[in-house]
Amino acid sequence: MTFPADSPYRHHALFYASPQELLTAAVPFLRTGLDADEVAVLVCRDEVNELLAGGLAADPRLVILSPGRFYTTAAGAVAGFRELMREHVAAGARRVRIICEVAFGAEPEEWAEWTRFEAVVNVALAEYSLWNVCAYDTTLLPDQVLTDASQNHPYLLDFESRPNDRYAAPEQMLRDLAAHEPDPAQAGTPLLDVALTSLSQLAVLREQVRLTAADAGASDWRQNDLMIAVNEVATNGLRHGRPPVRVRLWPGPDRLVCTVTDRGQGFDDPLAGYRPATGEALRRTSGGLWLTRQCCDRVDTMLTPEGFTVRLVQSLTDPDLPYPGGLV
Amino acid sequence: MPRVGEDSSPGSEWDGHVLLLHASESERLSSLTAWARRGLDRGEKVIYTEGPGGQHQWLYRVLDVHGVDVAEAMRDGRLEILPLAEFYPPDGQDRVIDRALAEGFPAVRMSAEVTAALTVLSPEQYLDIERNTDRLCRTRPVSAMCQYARPDSIGTRLRDSVTVHVTGVRESQLRTHPLRDGVALSGEVDLSNADVFAEVLRAAVSTGSDVLCLDLAMLHFVDAAACRQLVEATGDFRDSGGRVLLVAAQPGVKRTMRLLGVHELPGVTIVGGRP
């Protein structure tokens with residue numbers, strides 16, 4: 001693994017077992033930044049935000065944010081942190097220091113999603129002058145999460161910031177976490193099952209997806225976002241894969257599962273759609289998969305006997321948290 | 001799916017210089033008849049030409065189905081089929097128009113298929129005629145519908161044809177309409193027509209003005225390819241200080257643009273629109 005030494009982004013893990021351990025590592029890190037007129041941001045649970053702010057005598061320059069704003073989906077959180085960075089860069093920040101706690105949730109499926117996030121940020125935030133510390137409470141978090149975290153961070157913070165010799169490439173982590181099994185919903189009869197051979201059929205597909213999602217009870221925005229995502233993936237299949245491109249949509253208890261399958265070999269790039277493709281970057285890169293990941297809860301790719309499949313999972317209801325990117 | 005009807009789109013009253021990019025014969029005939037019929041309904045003269053082996057009997061059939069008495073219109077001179085040599089006379093189409101107006105018609109509509117025209121004209125001559133037609137449509141009571149087969153319209157051929165009809169594009173999913181300081185768009189843009197959208201943008205930023213206004217109120221969908229064209233095709237214009245105003249975008253369109261950071265591009269402003 002090439003160590004990202006030349007990146008202005010430093011992604012640290014801080015493992016702690018007591019408030020004292022957290023304060024000992026985090027407070028000097030933040031104070032050094034504030035003393036150098038850098039921006040210091042806290043994105044932890046309320047009680048941890050308070051503890052850290054207290055350690056800095058409630059320095060008024062601290063920016064204290066609720067994690068709810070960020071942790072929607074891995075792709076959504078990437079977009080959220082990029083937006084935060086753009087705001088501070090636009091305001092003139094030379095460097096931003098963030099202490100955050102990733103919201104890992106209770107289920108192994110959620111652990112996997114947020115471990116993906118920890119892997120992806122090494123690439124997706126690499127351009128920013130950001131020193132970021134992810135705080136891991138070793139008394140609360142499951143062993144699997146802690147083990148993965150020990151490989152997902154190129155730096156460790158204890159008394160100082162130092163390279164992590166256990167750091168593994170994000171691509172490898174994403175491969176290890178990749179889904180290969182069908183979603184249980186796929187055992188049923190699809191609500192929609194259509195095959196496309198031409199780009200001129202996309203407009204009809206979009207309408208079919210929207211109407212099917214509406215019939216299945218998806219909110220207006222979930223319908224819209226699923227339609228955006230299916231359109232992009234089907235476009236990719238028609239453009240880069242081998243026709244026909246088959247699109248199927250199944251209802252689940254609380255979600256929709258959609259597969260887009262072409263007869264080709266697909267692509268083998270676990271980071272596809274996580275590398276930022278916004279603004280002027282669109283001059284160099286297609287934004288299709290980035291847009292797809294922003295619009296769905298889950299995007300998995302897999303080779304099946306039928307061909308190359310992209311599977312999209314979309315909740316039926318609006319998220320409690322603000323939509324990543326905002327609704328309008 | 002949301003489609004734009006003949007009469008629901010902005011600027012549909014003005015037919016002007018229209019580029020019909022037809023993907024099929026049925027699409028060609030339906031757009032052509034709608035345009036011709038609107039002229040006949042208004043008492044205008046419609047002049048049509050076809051190449052060797054032309055299919056004008058199909059045009060008659062479709063007009064007939066739409067309630068036009070073709071025989072009567074031919075007899076009255078309201079509908080005229082000209083051979084190519086008379087449609088493109090050596091001394092220019094101004095003569096054809098002068099003659100039609102002298103017959104007492106308030107306005108004239110002319111339509112030809114580009115492949116037919118190219119059987120008697122060189123591509124350079126044809127492009128000159130297109131530029132002249134554009135002038136006629138702006139300065140005299142003239143509308144021209146220039147029919148191009150969509151599959152043949154790629155690369156420079158698409159660029160040249162869109163450039164002379166930038167506010168009159170009629171494609172399966174996308175239409176453009178005239179707007180002060182810019183272009184109004186209606187329909188949908190995806191990878192099937194992102195090349196047309198890109199040429200509309202390129203032509204629209206090349207008018208010499210440093211502000212381009214795009215009215216998106218009737219645009220129902222854009223995909224990533226469309227946003228990419230918006231970034232690329234306006235890149236040089238914005239790099240040299242030009243500003244692009246995206247006006248009245250629908251919520252779904254605005255969301256896609258935001259997720260792809262279009263609103264953060266230097267020189268781009270998203271203005272107004274329904275909440």
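Q: Which residues of helix 2 (residues 56-65) of chain B are buried?
A: In this predicted model, the buried residues of that helix are B:Leu59, B:Val62 and B:Leu63.

Q: What puts these buried residues on the same side of helix 2 of chain B?
A: Around the axis they cover an arc of only 100°, and therefore they lie on the same side of the helix.

Q: What do the buried residues of helix 2 of chain B pack against?
A: Their partners in chain B are helix 1 (25-41), strand 2 (45-49), helix 3 (70-75) and strand 3 (79-82). Packing here rests on contact, with heavy atoms within 4.5 Å.

Q: Which exposed residues does the face turned away from the buried side of helix 2 of chain B carry?
A: That face carries B:Arg61 and B:Val65. To be called exposed, a residue needs over 50% relative accessible area.

Q: Which residue just after helix 2 of chain B takes a positive phi?
A: B:Gly67 does, with a phi of about 85°.

Q: Why is A:Cys134 called buried?
A: Its relative accessible area is 1%. The cut-off for buried is under 20%, so A:Cys134 is buried.

Q: How do you know that A:Cys134 and A:Cys100 do not form a disulfide?
A: The closest cysteine sulfur to that of A:Cys134 is in A:Cys100, at 3.9 Å. A disulfide requires the two sulfur atoms to be within 2.5 Å, so this pair is too far apart for a bond.

Q: What about A:Cys258: why is it called buried, and why is it not bonded to A:Cys296?
A: A:Cys258 has a relative accessible area of 0%, so it meets the cut-off of under 20%. Its sulfur is 8.1 Å from the closest cysteine sulfur, in A:Cys296, and because a disulfide needs a pair within 2.5 Å, this is too far for a bond. Over all chains, the structure holds zero disulfides.

Q: What makes strand 8 (192-196) and strand 11 (298-304) of chain A edge strands?
A: In chain A, five strands form an open antiparallel sheet in the order 8-9-10-12-11. Strands 8 and 11 each have a single partner strand, so one side of each has no neighbour in the sheet. From one strand to the next, the twist averages 15°.

Q: Why are strand 11 and strand 12 (residues 307-315) of chain A called paired?
A: Seven bridges join them in the antiparallel sense. Pairing requires at least two bridges, so these strands count as paired. A:Leu303 has A:Phe308 of strand 12 of chain A as its bridge partner.

Q: Which strands does helix 7 (residues 202-215) of chain A lie across?
A: Helix 7 lies across strand 8, strand 9 (245-251) and strand 10 (255-262) of chain A, and runs at about 170° to strand 8.

Note on methods: Residues numbered from 1 in each chain as written. Chains lettered and ligands numbered in written order. Predicted model: local features only at pLDDT ≥ 70, side-chain atom pairs only at ≥ 80, totals over all residues. Heavy atoms only, no water. Buried < 20%, exposed > 50% of the residue type's maximum accessible area, 1.4 Å probe, protein only. Helix = DSSP H or I, 4+ residues; strand = E, 2+ residues; numbered from the N terminus. Arc of directions from axis to C-beta. Axes fitted to C-alpha atoms, helices over the stretch in contact; angles between N-to-C directions.
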